[in-house]
Structure formats: structure tokens, C-alpha cells
Amino acid sequence: MNVTHLECALCGLRHEARRLLNLCTECGKPLLVRYDLAQAAATLTKDSLPGRRADLWRYREVLPVDADENIVSFGEGWTPLLHAARLGQQLGMPELYIKDESQNPTQSFKARGMAAAVSMAKELGAKKLAVPSAGNAAGALAAYAARAGLESFIFMPKDTPRANVVECEQTGANVTLMDGLITDCGAEVGRRKEAEGWFDVSTLKEPYRVEGKKTLGYELAEQLDWELPDAIVYPTGGGTGLIGMWKAFDEMEQMGWIGSKRPKMVTVQASGCAPIVRAFEEGKRFADEFPNAATTASGLRVPKAIGDFLILDAIRASGGTAVAVTDDELIAATREIGAAEGVFCAPEGAACLPALRQLLEQGLVEKNERVVLFNTGAGVKYLESFS
């Protein structure tokens, strides 16, 4: 158990680790888990990794669960990093890769975050978990809560992809469909959680989903033999994965695994819901809520992210950028990636390809650079998008 404390990501206030906490008690911003990394590095070494389990729990010393019996797992993580040779050839990019998160349990990267969050909820005594979701986080919570023997209460917009709704219903969740957006669902959870006895596992409103997601960064480094890529192109709604990777890079540097060089972190959003892009372009640290948010990529339909400043800080510190693409572009890209590489991307993941074309045109990425695109989920969950 290497966790030392929880720390507010904005004001730095220290919080006790072994309690069920949501946001900073002082300023209401996200809490991040801090570790004794010197102690972790005594047993978590590069040489130790090849003999370890092929899931995200291979990085056990920098994950927050104390007792092994509280780990709730379906074998999530350690997804393939695919060399996209044909797609790269079309773009003149010999070092183009796709990190394929659709091969996770529950078919999306959300399995990582919920594995850590549900394991910690179980360890710390929560019995009922609630989440607002545009789709894949709901499916992941329903599955992991069922496996842990906990109740789950899920609030989704009525236009959430049908596959996500059915998935939750069939894995024992209490599902409520609502008019409005994920922010409206989040407000409903906030209104009712005290009276209902729910622990809120919304994106970045508890400290542990980001810990599961940060393993994306550890895996990427390990799979590339400890040489981070030149750029990471990442579809961003709530942004937990990008924030998690940025945290992972810092932890790995402190443990002596990598140097100070970082990839350019590139946020991709849909033009119909691009609060981070707008804030980046306007030089703001916090993003205003995006009005009338609309996109077929439901995971990108997040008009206001509580971790906005963490996303924007990472983009700027890395020399990265934020770009928006249209729904027509991302749907067309799904077919293009599928035909070239055989990967049926979620619309959010497919959005990385038109974004990459923008980066090339603007000279923000060079053709000879090593670039990783993130496919965050399985296209089969979004059949309505392709009708």
C-alpha cells in the first residue's frame, strides 16, 4: 500500500486517503491520489514487468487498492498497440499507431477507470454507486458493480446508444433515461445522492477512475520500450484518460523510468461540442459550458468537464493543441480506418484521423514523427450512428 494521501488538483489541499471522498472539501475540484513512489519503485521495476499479469493490475504498486481480495477485475487493460501501417502509408507516416481500447472488457476504455473506482468503493465500504453517463461508462459501472456485488444507479440521456442501455439493463443496473445531456444527468445524481445513500463515481468527482485510466500511459511507455511517442491524439469528453496519462508520465519520471520529454498531447472534440477547443483557442485555463451541445459521438457530448483545467494544463505544458472535427468527418473516418486496418472504431476514436490531418496541414505534427491515435471504444455499440 503505497498511497500517502489525496491532493486537490487545484488548491493542493491534502486529504486523508482511506475515506470515501468525492471532491476537495475546500474548493470543490478533483482529488488526485499521491504515492510513495520511492517505495513503489523498490518492487515495481522495468525488469519485473515481463513476468506480471497481462492486465492493468501489473502496475499494482501505483494503484490505490490495498487488499488483493478487493480487486474487481475482468482482465481489463494491456490492450494492443497496433502499428497502423496501411493507414500510415496513405498519410506518409511510417510510425503511426492505434491504441485499441475496444478490446477491453465492456468494449471501451471506461473499463479501466471503473475497475479502479469500483474496487476502491468496495474496499472503502460503499454499497450503492451512481453515475451519469453518455454510454460506455454506464456499461462499465454496471458490469463492475455486478461483479463486486454492489448496486448501481445509472442516469443516461434518452438518446444514448441503445446498446449501452441494454448492456446496463442486462447486467443488473437501475437505469434512468432522462431528457437533456450528461450534465443534466449529473445534476440529478447530485440532487439525490445524499438521500439515496449513493456514492457518486462521476468522471473526476472521485479520485480513482483516473488511476485506472493512467495505466494507458504506463502501457504506452512499456509497449514502446520506454520511448514515449512524439504525439498522442486523444478524443476528449471528460478527459480522464488524458489527465491520467499525464499523471502517469510524471510518476514514471519520478521512478526513473523515463526522462522529462513528453508527447504533444492533442485533444480532439466534435465541432458540435468543443468546450476545451474553445478555451484553448481563447487562452483560458477553465472552459465555459458549451451551449446546445450536439454530436453523434456520444462520449464527446460533454458540454462542461470538471477537469477542464487539468486537460488544458497538460495540452499547454506539452506543446500540444486542441482541435475540433465535424460529425461527417468522424463518421467517414470510421469507415476509412476500418477499411485500412480492420479496426471498427467508436466515432470518438475515429475522430482522431481527421484531427491528425489537420495537425499535418498546420505543421503541428511531422510525417516522420511517432504518433499514437486512441480508439476509445467499439463501433458496434454505435450502430445508430451508421444508419
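**Figure 1. Thr106 in a loop of the predicted model.** A residue is called buried when its relative accessible area is under 20%. Thr106 has 15% relative accessibility and therefore counts as buried. The structure shown here and in the other views is a predicted model. Thr106 sits in the loop that connects S5 with helix H3 (110–123). Its phi is near 60 degrees, a positive value in a residue that is not glycine.

**Figure 2. Trp226, a residue with positive phi.** The loop between helix H7 (209–223) and strand S10 (231–235) contains Trp226. Although Trp226 is not a glycine, its phi is positive, at about 70 degrees. Its relative accessibility is 15%, so Trp226 counts as buried.

**Figure 3. The largest nonpolar core and a second core.** In soluble globular proteins, nonpolar side chains tend to be buried together. Here the largest nonpolar core holds 90 residues, and Leu141, Ile154, Met245, Met252 and Trp257 have the most contacts inside it. Helix H4 (residues 136–148) supplies the largest share of this core, with 8 residues. A second core, separate from this one, has 32 residues, including Ala84, Leu96, Ala231 and Val266.

**Figure 4. Surroundings of Met245.** Met245 is among the residues with the most contacts inside the largest nonpolar core. When neighbours within four places in sequence are left aside, Met245 touches Lys214, Leu216, Gly217 and Leu220, as well as Ile232, Tyr234, Met265 and Phe374.

**Figure 5. The open sheet of 4 strands.** Strands of a sheet pair through backbone hydrogen bonds, either parallel or antiparallel. In this open sheet the pairing is parallel and the strand order is S8-S7-S6-S9. The edges are formed by strand S8 (174–178) and strand S9 (199–200); each has a single partner strand, so one side of each lacks a neighbour in the sheet. Strand S6 (residues 128–132) and strand S7 (residues 151–157) run parallel and are joined by 5 bridges. Along this pair, Ala130 stands opposite Phe153 in S7, and Val131 is opposite Ile154 in S7. Ile154 is also one of the residues with the most contacts inside the largest nonpolar core. Of the 7 residues of S7, 6 are buried, so the strand is largely enclosed by the rest of the structure.

**Figure 6. Packing of helices H4 and H5.** The axes of H4 and helix H5 (residues 162–170) are 8 Å apart, and the helices pack at an angle of about 15 degrees. Because angles under 35 degrees count as roughly parallel, H4 is roughly parallel to H5. The crossing of H4 past H5 is left-handed. From H4, Asn136, Ala138, Gly139 and Ala142 take part in the contact; from H5, Asn164, Glu167 and Cys168 do.

**Figure 7. The open sheet of 6 strands and helices H10 and H11.** This open sheet has mixed pairing, and its strands follow the order S4-S5-S13-S10-S11-S12. Strand S4 (81–83) and strand S12 (321–325) are at the edges; each has a single partner strand, so one side of each is left without a neighbour in the sheet. On average, neighbouring strands of the sheet are turned by 25 degrees against each other, direction ignored. Strand S11 (residues 264–270) runs parallel to S12, and 5 bridges join the two. One bridge pairs Gln269 with Ala324 in S12. Helix H10 (residues 308–317) packs on the sheet and touches S11 and S12, with its direction at about 130 degrees to that of S11. H11 also packs on the sheet, where it touches S4, strand S5 (96–100), S11 and S12; its direction makes about 95 degrees with that of S12.

**Figure 8. Thr321 in an edge strand.** Thr321 is part of strand S12. With 12% relative accessibility, Thr321 counts as buried. Apart from neighbours within four places in sequence, Thr321 contacts Met265, Val266 and Thr267, together with Phe280, Ile315, Leu359 and Leu364. Val266 is also included in the second nonpolar core.

**Figure 9. Packing of helices H11 and H13.** Helix H11 (residues 327–341) packs against helix H13 (residues 352–361) at an angle of about 100 degrees, and their axes are 7 Å apart. H11 and H13 are therefore roughly perpendicular to each other. Glu329, Leu330, Ala333, Glu336 and Ile337 in H11 contact Leu353, Pro354 and Arg357 in H13.

Terms used. Residues numbered from 1 in each chain as written. Predicted model: local features only at pLDDT ≥ 70, side-chain atom pairs only at ≥ 80, totals over all residues. Heavy atoms only, no water. Core = buried A, V, L, I, M, F, W, Y, C linked by side-chain atoms within 4.5 Å. Buried < 20%, exposed > 50% of the residue type's maximum accessible area, 1.4 Å probe, protein only. Contact = heavy atoms within 4.5 Å. Pairing = 2+ DSSP bridges. Axes fitted to C-alpha atoms, helices over the stretch in contact; angles between N-to-C directions. Parallel < 35°, antiparallel > 145°, perpendicular 65-115°, else oblique. Left-handed = near helix turned anticlockwise from the far one by under 90°.
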